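Colleague: I would like to learn how to read the contacts, sheets and rings of a model like this one. Could we begin with a single residue and work outwards from there?

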Amino acid sequence: MSPPRAAGRPLARFAVADELTCYYDRPAEPANVHVEAHVDGRLDESVVRAAVGALLGAEEGLRARQAGTGRWRPAYYWEFPAAADTDPVRVATYTDAADLARLRSDFLSASPPLRTSPPLRLLLASGTDADAGDVLVLNAHHAHFDGLSALRLLRGVASRYEELSSPPQPLGARAAGAGASTGSAGGADSAGSGPAGDARSAAARSSDLPPDDPPQPPPVPRGRITRIAGEREPGTPVGLPGYGALLLTWDGLADAAAFRSSAGGSVNDLLIATLMVAIGEWNAAHGAPAGLVQVTMPVGEPVQATAAGQWANRSRLTKVSATVRPGCTVADLLGTVAAQASYAKRQPGAQVDGVSRALTVVPIPVAVKRAALRAAVRTIGQFASDSCLVSNLGVVAPVSFGPAGTARLWFSTSAHMPRGLSLGVVTTGDDLALTFRYRLALFSPAAAADFAGRYVRTLDAVVGRRVPA
């Protein structure tokens, strides 16, 4: 059967992951990807809008919108209008860190509408204090973006901003500059050139892989999956909608490199094992059991960070599991985590599990399929859902906004219940940027800060860092 057409052009059917994302997406817990850039200088609103407009005009894939193909359609379809339907840039001001956190939470607690092009929104937040810098927050719908493509989108905005805000250059200098920028476009694992960049890449690369021997599946522990103990504001409803996001920076990569030289594993393995221990300790402090902690680990396609990547969600979902017993340490779990993570990265597979794939191909209306999946989440989600998610974009090249300065970056992805928590990681320079995205139905902002503090203290202790009392 030929695909539907709009204005004489064929429509593109949603991929399996795209369609499933639409089933999970709902007002209480939007399915979105978040990338955030902080600069010390000021971003000119008119130049930001011009940069975004130039990118949308040049990239047809960014102008995607969900086509209206009938109430009883068995699938969703993308269409690509000649121009965007709306200006995706919003502006706001913030007075302090708490005010910025509120703006971020409100902004990330709604998905960009898919029926309107483009499926993304940008928030330009300017500090009212003279010493406060500006922040550009990207909210991209997960049905059309993964972490790497969302980062590439923000990098594209920054590149055009730099071009538009820089004085014209002589033709010869412009050509030389263009050649230099091509080499620094940066994939997810680039860390700059020279010995310092190579050392950072070796210390922080999240996709370290073993030699090309046939991979053997490691043993995977079994049992009932642990749920993170919730701690909401007193009196708040169980189904409280919306997200919070807590942004931290950890500067312990050098210590982590020394630790890894003796303990093995990648930085990503260390982060996952530490999160498992933190969950065990958190649950014990809240009178809840731990046991089997299972972490969703998306595996991205490196090409998605390059100009050859697609405006699409191409990440593949894998799992890492370990049994967390009382008194368990990160060193106890690291070998198990490293073996499973290495195998998951080496072993090709589908983006999602077989049951989810089967649901998308059944020739019944999407409304029925969505209702069936939501019912399954409500009934068996407490038993089948993973404990949490860790998504690591790896080491990325610096992102410059020209006269506004080089950006500090953070990244996160959705945290649907009953999981309720995701940890997004991106490395720039010598720092790990950690974003704890949490459902307000699981954590209050204070509880999220307590959990994140426990996590960072555990990470510091594992690598032998001296932390001020």
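Modeller: Let us begin with Leu-409 in this predicted model, which, once its neighbours within four places in sequence are set aside, is in contact with Glu-36, Ala-37, Leu-151, Leu-154, Val-396, Val-399, Val-426, Thr-428 and Ala-433.

Colleague: To which larger grouping does Leu-409 belong, and how many residues does the largest nonpolar core have?

Modeller: The general idea is that in soluble globular proteins nonpolar side chains tend to be buried together. Here the largest nonpolar core has 54 residues, and Leu-409 is listed with Leu-43, Leu-136, Leu-153 and Phe-401 as having the most contacts inside it. Helix H4, residues 147–165, gives the most to this core, with eight residues. Another core, of 51 residues, lies apart from it and includes Leu-270, Leu-334, Leu-423 and Tyr-438.

Colleague: How should I read a sheet, and in what order do the five strands of the open sheet come?

Modeller: Strands of a sheet pair through backbone hydrogen bonds, either parallel or antiparallel. In this case the order is E7-E8-E9-E4-E14, with mixed pairing. Strand E7 (89–94) and strand E14 (408–412) stand at the edges with a single partner strand each, so one side of each is left without a neighbour in the sheet. From one strand to the next, the twist averages 15 degrees.

Colleague: How many bridges join strand E8 to strand E9, and which helix lies across E7, E8 and E9?

Modeller: Seven bridges join E8, residues 120–127, to E9, residues 134–141, and the two strands run antiparallel; within this pairing, Ala-125 stands opposite Val-135 in E9. The helix lying across E7, E8 and E9 is H2, residues 45–58, which runs at about 150 degrees to E7.

Colleague: Turning to strand E16, how many of its nine residues are buried, and which strands are joined to it by bridges?

Modeller: Strand E16, residues 431–439, is mostly covered, since eight of its nine residues are buried. Eight bridges join strand E10, residues 243–250, to E16 in an antiparallel arrangement, with Arg-437 in E16 as the bridge partner of Ala-245. Eight bridges also join strand E15, residues 421–428, to E16, and these strands too run antiparallel, with Asp-431 as the bridge partner of Thr-428. E15 and E16 form a hairpin with two residues between them, and Gly-429 in the turn has a positive phi of about 65 degrees.

Colleague: Arg-437 also makes me think of charges over rings; over which ring does its charged end sit?

Modeller: The charged end of Arg-437 sits over the ring of Tyr-243, 4.7 Å from its centre, and Arg-152 lies over the face of Trp-311, at 4.0 Å from the ring centre.

Colleague: How does one read pairs of rings, and how many aromatic pairs are there?

Modeller: One looks at the distance between ring centres and the angle between planes, where over 60 degrees counts as edge-to-face. The count comes to 11 aromatic pairs. The rings of Tyr-23 and Tyr-76 have centres 6.1 Å apart and planes at 50 degrees, so this pair is tilted; Tyr-23 and Tyr-76 are both buried. The rings of Trp-282 and Phe-451 have centres 5.6 Å apart and planes at 75 degrees, so that pair is edge-to-face. Trp-282 in helix H8 and Phe-451 in helix H12 are 169 residues apart in the chain. Trp-282 is buried, with a relative accessible area of 2%, and Phe-451 counts as buried at 0%. Together with Phe-436, Tyr-438, Phe-443 and Tyr-455, Trp-282 and Phe-451 form one aromatic cluster.

Conventions. Residues are numbered from 1 along each chain as its sequence is written. This is a predicted model: local features need pLDDT of at least 70, side-chain atom pairs count only at pLDDT 80 or more; totals for chains, interfaces and linings use all residues. Side-chain values use heavy atoms; hydrogens and water are left out. Two strands pair if DSSP finds at least two bridges between them. Helices (H or I, at least four residues) and strands (E, at least two) are DSSP runs, numbered from the N terminus. Axes are lines fitted to C-alpha atoms, for helices over the stretch in contact, and angles run from 0 to 180 degrees between N-to-C directions. Contact means heavy atoms within 4.5 Å. Rings of Phe, Tyr and Trp (its six-membered ring) pair if their centres lie within 6.5 Å; planes under 30 degrees apart count as stacked, over 60 as edge-to-face and the rest as tilted. Buried means under 20% relative accessible area, exposed over 50%, partly exposed in between (1.4 Å probe, protein chains only). A charge sits over a ring if NZ of Lys or CZ of Arg is within 6 Å of the ring centre and within 35 degrees of the ring normal. A nonpolar core is a set of buried Ala, Val, Leu, Ile, Met, Phe, Trp, Tyr and Cys residues joined through side-chain atoms within 4.5 Å.
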